[in-house]
Amino acid sequence: MTSGTGTFVADAVGAGEAVLVDHACGRCATCRSGAGLWCPSPLVVGRVVSPRVPASAADGLRCGLLAAAALLEAPPARTTLVVGEPGSPTVLLARRLLDGFVLAAPSLTDDAVRAQVAGREPSGRAAVVVAGPDVRAAVRAVRRGGHVCVPHATPDARPSVTELVQREVTLLAPRQVTPVLGRLSEPDWAAAVAAA
Ligand SMILES: [Zn+2]
């Protein structure tokens, strides 16, 4: 069984367990440019890139790793705002991988988080926002000239070109997960699995 799309998927193994598998070929121009997630000629049999994890945790870990991969494409920010459940792998990985300050909320309309961002940023908005399924809301929440990370391949709501251009916002998709995996220590990984 394979869940998810793209070259980075969760495959079931044995009873109730799964592994994350990278199907990027590693040899084409896209892979060599550091965008293995967009490999146009993925391997039929991919490389297993994770230990065995509970099957129920696999999708959460995959989403968290994709969000972290998108986040590593963003410039360093004083405040990063992540749309996600505070205890989720996405939020946990962002906190472990970034040196800067990471705020998290399931919704960008969360008043407490908005107040925290406003307390840290003169513009009242974070420079980097990791979007949930509503990418349009993230584009409206980031500061002018900021970066919005888009880990979801099929968002519910997309911003218009006008919204992006007028506010000079850059959208960032994940390009490769290998560097994320390489930066995770065993305790980081264990914590992410526990959070999933
Ligand atoms: Zn490739």
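Here are a few exercises on the predicted model above, each with a worked solution.

Residues are numbered from 1 along each chain as its sequence is written. Because the model is predicted, local features need pLDDT of at least 70 and side-chain atom pairs count only at pLDDT 80 or more, while totals for chains, interfaces and linings use all residues.

**Exercise 1. Overall build**

Work out how many helices and strands the protein has, and which radius of gyration goes with its 196 residues.

*Solution.* Begin with the elements: the protein has eight helices and 10 strands. Helices (H or I, at least four residues) and strands (E, at least two) are DSSP runs, numbered from the N terminus. Next, take the radius of gyration, which is computed over C-alpha atoms and compared with a globule rule of 2.2 Å times the number of residues to the power 0.38. A compact globule of 196 residues would come out near 16 Å, and the protein's 17 Å agrees with that. Along the principal axes, the C-alpha trace spans about 50 × 35 × 30 Å.

**Exercise 2. Two domains**

Find which elements of domain 1 give two or more residues to the side that touches domain 2.

*Solution.* Start with the bounds, which come from an automatic or database domain assignment: domain 1 is 2-65 + 186-195 and domain 2 is 66-172. Their C-alpha centres lie 23 Å apart. Now count contacts, meaning residue pairs whose C-beta atoms, placed from the backbone, lie within 7 Å: 13 residues of domain 1 are in contact with 13 residues of domain 2. On the domain 1 side, the elements asked for are H2 and helix H8 (186-195). H2 gives the largest share, six residues.

**Exercise 3. A strand, a helix, a strand**

Follow the chain from E6 to E7 and decide why E7 is largely enclosed by the rest of the structure.

*Solution.* First, the pairing: strand E6 (residues 79-83) and E7 run in the parallel sense over five bridges, and two strands count as paired if DSSP finds at least two bridges between them. Within this pair, Thr79 stands opposite Phe101 in E7. The chain gets from E6 to E7 through helix H3 (residues 89-97), in a right-handed β-α-β crossover; with the strands pointing away from the viewer, the path from the first strand over the helix to the second runs clockwise.

Then, burial: a residue is buried if 20 or more other C-beta atoms lie within 10 Å of its own, exposed if 12 or fewer, and partly exposed in between, with C-beta atoms placed from the backbone. Four of the five residues of E7 (residues 101-105) are buried, so the strand is largely enclosed. In H3, the buried residues are Pro89, Thr90, Val91, Leu92, Leu93 and Ala94. Their cover includes H2, E6, E7, strand E8 (128-130) and H8.

**Exercise 4. The core**

Name the residues that touch the most other members of the largest nonpolar core.

*Solution.* A nonpolar core is a set of buried Ala, Val, Leu, Ile, Met, Phe, Trp, Tyr and Cys residues joined through C-beta atoms within 7 Å. The largest one has 57 residues, and Val129, Val130, Ala138, Val148 and Cys149 touch the most other members. Helix H2 (residues 55-71) supplies the largest share, 10 residues. Both domains take part, with at least three residues from each.

**Exercise 5. Two loop residues**

Decide whether Glu168 and Pro106 are exposed or partly exposed.

*Solution.* Glu168 lies in the loop between helix H6 (161-166) and strand E10 (170-172). With 10 C-beta neighbours inside 10 Å, Glu168 counts as exposed. Pro106 lies in the loop between E7 and helix H4 (111-120). Pro106 has 14 other C-beta atoms within 10 Å, so this residue is partly exposed.

Terms used. Two residues are in contact if their C-beta atoms, placed from the backbone, lie within 7 Å.
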